[in-house]
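Here are some short exercises to work through at your own pace. Try each task on the model before you read its solution.

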Amino acid sequence: MNSLDQLHLDGTWNPILNIGSLSTEKALLSETIFTDSNRNLPIWKPNSNGFFTAKSGWEVSRQKIKKPAWASRIWFSNHVPRHALVSWKALKNGLSTMDNLPFLDPSVNRRCLLCNYGLESVNHLFFQCRYSKWIWQSLLGMLGHFRSPQPDLLQEELWLANSFKGSGQSATLAFLAFEASIYRIWVERNQRVFYKKSLPNSVLLSDLLSLIKTKIQGLKLTDLDTQSNRSIASNFGCVFCPSTISLQSCSWIRPPPGSFKINSDASLEDVGGGIGGAIRDSNGFLVSMFSINVEREDILALEILGVLTSLQQALQMGCGIIWLEVDSKSTADIINGLSTILAGASAALRKFSCSFLAFNDGASPTFGGKGIALQTFYPNENAHAKG
Ligand SMILES: [Zn+2]
């Protein structure tokens, strides 16, 4: 085909020029015809050398859509590649979940293998499924937010982006946790589908914390500029230790099998106060953890607030039998109804219908220097529950 008249037959473009999914007309519109001495030659304009390539053809023919805002957030500077890739697929609804397999025999069970209850879809797995919801809620608690995930993964990502703006360390931790959760839950799902192996979600959470901790230990987190940032970082094992403070080892006694133990504490310093708590099961696995800055000036009120917040969180996590340890005798007395210093505290505590509560009034741990909330996650030295 060397001349222009061969390209245009009977008033229409020659269909022989069809290229893949391109219409003839579209293909020719992309071309320029020029005369080279005695003959006309078609050149492929989209390519600078005039020759057609599959890549340039694809660029011309493909539908270009605007990159979604979440794409750049998923590939943030400190992302873990395999975590980001699975998260990106999940947000695009591109994972091979049961609802994304239309060719599957209708008789095949499409139930979620994590909870054996809901139908498997991206939004169910992340994080409507009770198995994965518990994991993500635990991590959210460590990020300082106690809430239920949005019903849609895209909405949840948007919430995360709005709640952890910028590229500071809190945002880094939040997105590391988000993507690690999606990745690890997807791996767990595949283990169950293909290898019939399964892990309890408490073990998965433990794995996740190790993954995140390993990652952040390799990062140069230099913008520990606020108490909130320091608290969040410490929840994930990135301990910020001012030079005036040293940590001492301490012991922790397991609660009876099937029950949970809360260690709650509060602290007060010149710039404000903080409360914190850790919930562990009878195997010592961390169920949940939190650290919150609060603007109160009364240490006793802070201690009670820490206890109430811990109890609230434990009940949200479905903990039935709870043991509670505090390191302040005054706090224990209020909880046990032996003191009426804070009149509202006993009433607030009675709202919790735990099966059993035990309080410890053991000695305070010695950390040296002024206490700040992040230290309080360490269990109390010489602590032991008493009924
Ligand atoms: Zn499920």
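The exercises below go from the whole chain to helix packing, then to single residues and backbone geometry.

This is a predicted model: local features need pLDDT of at least 70, side-chain atom pairs count only at pLDDT 80 or more, and totals for chains, interfaces and linings use all residues. Residues are numbered from 1 along each chain as its sequence is written.

**Exercise 1. The whole chain**

Task: Find how many helices and strands the protein chain has, and what share of its residues is buried.

Solution. Start with the secondary structure: the protein chain has 14 helices and eight strands. These are DSSP runs numbered from the N terminus, with helices being H or I of at least four residues and strands E of at least two. Next, take burial: 35% of the 387 residues count as buried. A residue is buried if 20 or more other C-beta atoms, placed from the backbone, lie within 10 Å of its own, exposed if 12 or fewer, and partly exposed in between.

**Exercise 2. H7 against H9**

Task: Describe how helix H7 packs on helix H9, and list the residues that meet.

Solution. Two packed helices are described by the angle between their axes and the distance between the axes. Axes are lines fitted to C-alpha atoms, for helices over the stretch in contact, and angles run from 0 to 180 degrees between N-to-C directions.

- Step one: the axes of H7 (residues 130-142) and H9 (residues 169-195) come within 11 Å and cross at roughly 160°. That makes H7 roughly antiparallel to H9. Angles under 35 degrees count as roughly parallel, over 145 as roughly antiparallel, 65 to 115 as roughly perpendicular and the rest as oblique.
- Step two: Ser132, Ile135, Trp136 and Leu139 in H7 meet Ala177, Ser181 and Ile185 in H9. Two residues are in contact if their C-beta atoms, placed from the backbone, lie within 7 Å.
- Step three: by class, this contact of H7 with H9 has five nonpolar, two polar and no charged residues. Ala, Val, Leu, Ile, Met, Phe, Trp, Tyr, Cys and Pro count as nonpolar, Asp, Glu, Lys and Arg as charged, and the others, Gly among them, as polar.

**Exercise 3. H5 against H9**

Task: Now do the same for helix H5 and H9.

Solution. The axes of H5 (residues 81-91) and H9 are 8 Å apart, at an angle of about 80°. That makes H5 roughly perpendicular to H9. Sorted by class, the residues of their contact are seven nonpolar, two polar and two charged.

**Exercise 4. Two helix residues**

Task: Is Tyr131 buried or exposed, and which residues does Arg184 contact beyond four places in sequence?

Solution. Tyr131, in H7, has 22 other C-beta atoms within 10 Å, so Tyr131 is buried. Leaving aside neighbours within four places in sequence, Tyr131 is in contact with Leu114, Cys115 and Asn201. Turn to Arg184, in H9: with the same kind of exclusion, the contacts are Leu204, Asp207, Leu208 and Leu211. Arg184 also counts as buried, with 20 C-beta neighbours inside 10 Å.

**Exercise 5. Backbone geometry**

Task: Which residues does a cis peptide bond join, and what is the phi of Asn93 and of Asn116?

Solution. The cis bond joins Phe126 and Phe127, with omega about 5°, and Phe127 lies in helix H6 (residues 122-128). Asn93 has a positive phi of about 55° although it is not a glycine, and Asn116 has a positive phi of about 55° as well. Asn93 is partly exposed, with 14 C-beta neighbours inside 10 Å, whereas Asn116 is exposed, with 11.
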